[in-house]
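Visitor: I should like to go through this protein with you, beginning with its interior and then turning to its pockets and charged pairs. Please explain each answer as you give it.

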Amino acid sequence: MRAGFKAAGFEVLTDSKYLTSNAYLMPGDILLNDNNHTATNIGIGSKSGYTQNAAANIVKDETPTPSTPKKSVEELAKEVLANKWGIGDARKQALTNAGYDYNAVQAKVNEILKNGGNTTTTTPTPKPTTTVPMFNGKYSQTVAKKGKVTANLLNIRLKPTIHSGNLTSYPTLKGGTIVGVCMQTKDEDGDPWYYIQINGAKGTKYGFASAAYIQLV
């Protein structure tokens, strides 16, 4: 309980003057004997400096802090995709602490990611073909085919899963971008992904993209 009260904003006072008499206690003070009992003080200590009038004035003069309007699930999902809420358990804790439904936000994130990173519906391209070699324990950086991005904005991942972070140099690619397709693999759900080569202003880089949004050309 001591740790819980402290985390909730209580100040822990252990000076002897608070422990040997009620002279310095105010209404609402928690008296905690860790191994035996807990009590709430309702009296006004003679040396506490507390008065009912002073308390009334504090309440009367206090200006409420305006509450911040809650964001929609879609707004939060976009912020998650922009890495504003952290990753993994840290993201879950941050959203929960802010009063949001983590499961609802994550479901929206997954929906957007399966749509290539957009809220706009995009028709997936055909499944990968045998012209692109399958992952065999080592990713080859030899381009087997060229591919064109069909989503409006496609996330490029560090690993073949929507739960991975984005590539730093090329976190997303616009629709119509031509990439080199080196190999194909599958994520934890069995969905196909491509290991791709990207050539641009930041040099030649490699990452993973959902095969449903890259059309082989």
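**Cores, pockets and salt bridges**

Guide: In this predicted model, the largest nonpolar core comprises 18 residues, and those with the most contacts inside it are Leu-154, Ile-156, Leu-173, Ile-196, Ile-198 and Ile-214. In soluble globular proteins, nonpolar side chains tend to be buried together.

Visitor: Which element gives the most to this core?

Guide: Two elements give two or more residues to the core, strand S6 (178-186) and strand S7 (192-200). With three residues, the greatest contribution is that of S7.

Visitor: Which residues with the most contacts inside the core does Ile-156 touch?

Guide: Residues up to four places away in sequence are not counted here. The contacts of Ile-156 include Gly-165, Tyr-170, Pro-171 and Phe-208. Among the residues with the most contacts inside the core, Ile-156 touches Leu-173, Ile-196 and Ile-198.

Visitor: How many residues are in the second core?

Guide: This core is separate from the one just described, and Tyr-102, Ile-162, Cys-182 and Met-183 are among its members. The second core has 17 residues.

Visitor: What class of residue has twelve members in the lining of the largest pocket?

Guide: The largest pocket holds about 650 Å³ of space. Its lining has 21 residues, of which Glu-11, Leu-13, Ile-30, Leu-31 and Leu-32 are the closest to the centre. Helix H1 (2-7), helix H2 (16-19) and strand S1 (30-33) each give two or more residues to that lining. By class, five lining residues are polar and four are charged, while twelve are nonpolar.

Visitor: Which element provides the largest share of the lining of the second largest pocket?

Guide: The second largest pocket has about 240 Å³ of space. Among its 16 lining residues, Ile-87, Arg-91, Ile-162, His-163 and Ser-164 are the closest to the centre. Helix H4 (73-81), helix H5 (88-97) and helix H6 (102-114) each supply two or more lining residues. The largest share, four residues, comes from H6.

Visitor: How many charged residues does the lining of the second largest pocket have?

Guide: By class, this lining has seven nonpolar and seven polar residues. The charged residues in it number two.

Visitor: Is Lys-108 buried or exposed?

Guide: Lys-108 is found in helix H6, and not counting residues up to four places away in sequence, it touches Val-73, Glu-74 and Ala-77. Its relative accessible area is 18%, and the cut-off for burial is under 20%. Lys-108 therefore counts as buried.

Visitor: Which residue forms a salt bridge with Lys-108?

Guide: Side chains of opposite charge can pair when their charged atoms come close. The partner of Lys-108 lies three residues away in helix H6, about one turn of the helix, and is partly exposed at 48% relative accessible area. The N to O distance in this salt bridge is 3.3 Å, and the partner is Glu-111.

Visitor: What separates Glu-74 and Lys-78 along helix H4?

Guide: The side chains of Glu-74 and Lys-78 meet in a salt bridge, at 3.7 Å from N to O. Glu-74 is partly exposed at 31% relative accessibility, and Lys-78 is partly exposed at 47%. Because they are four residues apart in helix H4, their separation is about one helical turn.

Visitor: How far apart are the closest N and O atoms of Glu-79 and Lys-71?

Guide: The model has three salt bridges, and Glu-79 forms one of them with Lys-71. Glu-79 is buried at 16% relative accessibility, whereas Lys-71 is partly exposed at 36%. The closest N and O atoms of this pair are apart by 2.7 Å.

Methods: Residues are numbered from 1 along each chain as its sequence is written. This is a predicted model: local features need pLDDT of at least 70, side-chain atom pairs count only at pLDDT 80 or more; totals for chains, interfaces and linings use all residues. Side-chain values use heavy atoms; hydrogens and water are left out. On a 1 Å grid over the protein atoms alone, a cavity is a set of points where a 1.4 Å probe fits but cannot get out, and a pocket is an open set with protein on both sides within 12 Å along at least five of seven lines; lining residues have an atom within 4 Å of a point. Grid points are joined across faces, edges and corners, and a volume is the space filled by probe spheres set on the points. Ala, Val, Leu, Ile, Met, Phe, Trp, Tyr, Cys and Pro count as nonpolar, Asp, Glu, Lys and Arg as charged, and the others, Gly among them, as polar. Buried means under 20% relative accessible area, exposed over 50%, partly exposed in between (1.4 Å probe, protein chains only). Contact means heavy atoms within 4.5 Å. A nonpolar core is a set of buried Ala, Val, Leu, Ile, Met, Phe, Trp, Tyr and Cys residues joined through side-chain atoms within 4.5 Å. A salt bridge is a side-chain nitrogen of Lys or Arg within 4 Å of a carboxyl oxygen of Asp or Glu.
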